[in-house]
Number of protein chains: 2
Amino acid sequence: MAVLELVGQKWMLRILWELRDAPLTFRALRARCDNVSPTVLNQRLAALREAGLVELGDEGYEPTELCRGLGDILPQLTDWSRRWEKERPAPADED
Amino acid sequence: MAVLELVGQKWMLRILWELRDAPLTFRALRARCDNVSPTVLNQRLAALREAGLVELGDEGYEPTELCRGLGDILPQLTDWSRRWEKERPAPADED
DNA sequence: TATGAGTGCTACATAAAGCGTAGCAAATGG
DNA sequence: CCATTTGCTACGCTTTATGTAGCACTCATA
């Protein structure tokens, strides 16, 4: 389960999530990720590119064919996320 | 997609993954997670418990009913992980 | 040629998070 | 009383992330 160590890193799921629909430029992607520092974003993108999950095309960064499988999984994660937000015990105060 | 910020943290997916089958004690879970430092493990478990995703039963930590939905998703992540390991471009040397 | 806006990406100092080890308090069993 | 196991914390140190600034490059317009 080596992929857990990859996508388990901070911002990884978020990055892949933001790239799910359309390609995004470095700066646009950064903006979508709450302005994550470019240092980290670059590190993550480098790892994703080395893993063959993301590539830099003419219109920006986009998931590769190899990454597409995640496209079926992430929506389920969204679904589950919605269920969780409805049924979770104490919303408490998270920002 | 607040859940991404939760499970996107380091060790989160791994922790949930290790709890998928049977309950694990704090120490056992720690052992399975490459002996992650107890400080972090405790932080993560606290977050998971506050989110109502994990609880501490008689036999150790275990996912709650609310968390079970992930049980259908994580195996797919495994599947995808296996595909990825077969088809990825350059295994290179990652440790 | 130049100027301006966009791109990917890097440098730097500071802040935050994680790590490894040791150990505590409580519960359990001899 | 002692040993074992439990969940969990404290400590000092290393690693990682943050935020801001800016570089080198490309493209379009003038």
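How far does a polar side-chain atom of A:Arg27 lie from a base nitrogen of DNA strand C? This tour of a predicted model reaches that pair after the two protein chains and the hairpin of chain A.

**First stop: chains A and B**

Select chains A and B together. A turn of 180° with a shift of 0.0 Å along the axis lays chain B on chain A, with an RMSD of 0.1 Å. That is the relation of a two-fold axis. Next, display the interface residues of both chains. The copies meet through the same surface, because 100% of the interface residues of chain B are also interface residues in chain A.

**Second stop: the hairpin of chain A**

Select residues 54-57 of chain A, which form strand 1, and residues 60-63, which form strand 2. These strands pair in the antiparallel sense over four bridges. Two residues stand between strand 1 and strand 2, and the strands form a hairpin. Within the pairing, A:Gly57 is placed opposite A:Gly60, and A:Leu56 faces A:Tyr61 of strand 2. Keep A:Tyr61 selected, since the next stop returns to this residue.

**Third stop: the surroundings of DNA strand C**

Select DNA strand C and the protein residues around it. There are 19 such residues, and those that come nearest are A:Phe26, A:Arg27, A:Asn42, A:Tyr61 and B:Arg44. Of the atoms of DNA strand C within 4 Å of the protein, sugar and phosphate account for 53%. Colouring the surface near the strand by class shows seven nonpolar, seven polar and five charged residues.

Now colour by helix. At least two residues of this surface come from each of helix 3 (26-32) of chain A, helix 4 (38-50) of chain A and helix 4 (38-50) of chain B. Which helix gives the most to the surface near DNA strand C? Helix 4 of chain B does, with five residues.

**Last stop: individual atom pairs**

Show side chains as sticks and select A:Arg27. One of its polar side-chain atoms lies 2.6 Å from a base nitrogen of DNA strand C, which settles the opening question. Move to B:Thr39, where an N or O atom of the side chain is 3.4 Å from a base oxygen of DNA strand C. Finish at A:Arg49: here the partner is a phosphate oxygen of DNA strand C, 3.0 Å from a side-chain N or O atom.

Methods:
Residues numbered from 1 in each chain as written. Chains lettered and ligands numbered in written order. Predicted model: local features only at pLDDT ≥ 70, side-chain atom pairs only at ≥ 80, totals over all residues. Heavy atoms only, no water. Least-squares fit on C-alpha atoms with pLDDT ≥ 70 in both. Contact = heavy atoms within 4.5 Å. Pairing = 2+ DSSP bridges. Near = heavy atom within 4 Å. Polar contact = N/O pair within 3.5 Å; in protein donor to acceptor, adjacent residues only side chain to side chain. Nonpolar A, V, L, I, M, F, W, Y, C, P; charged D, E, K, R; others polar.
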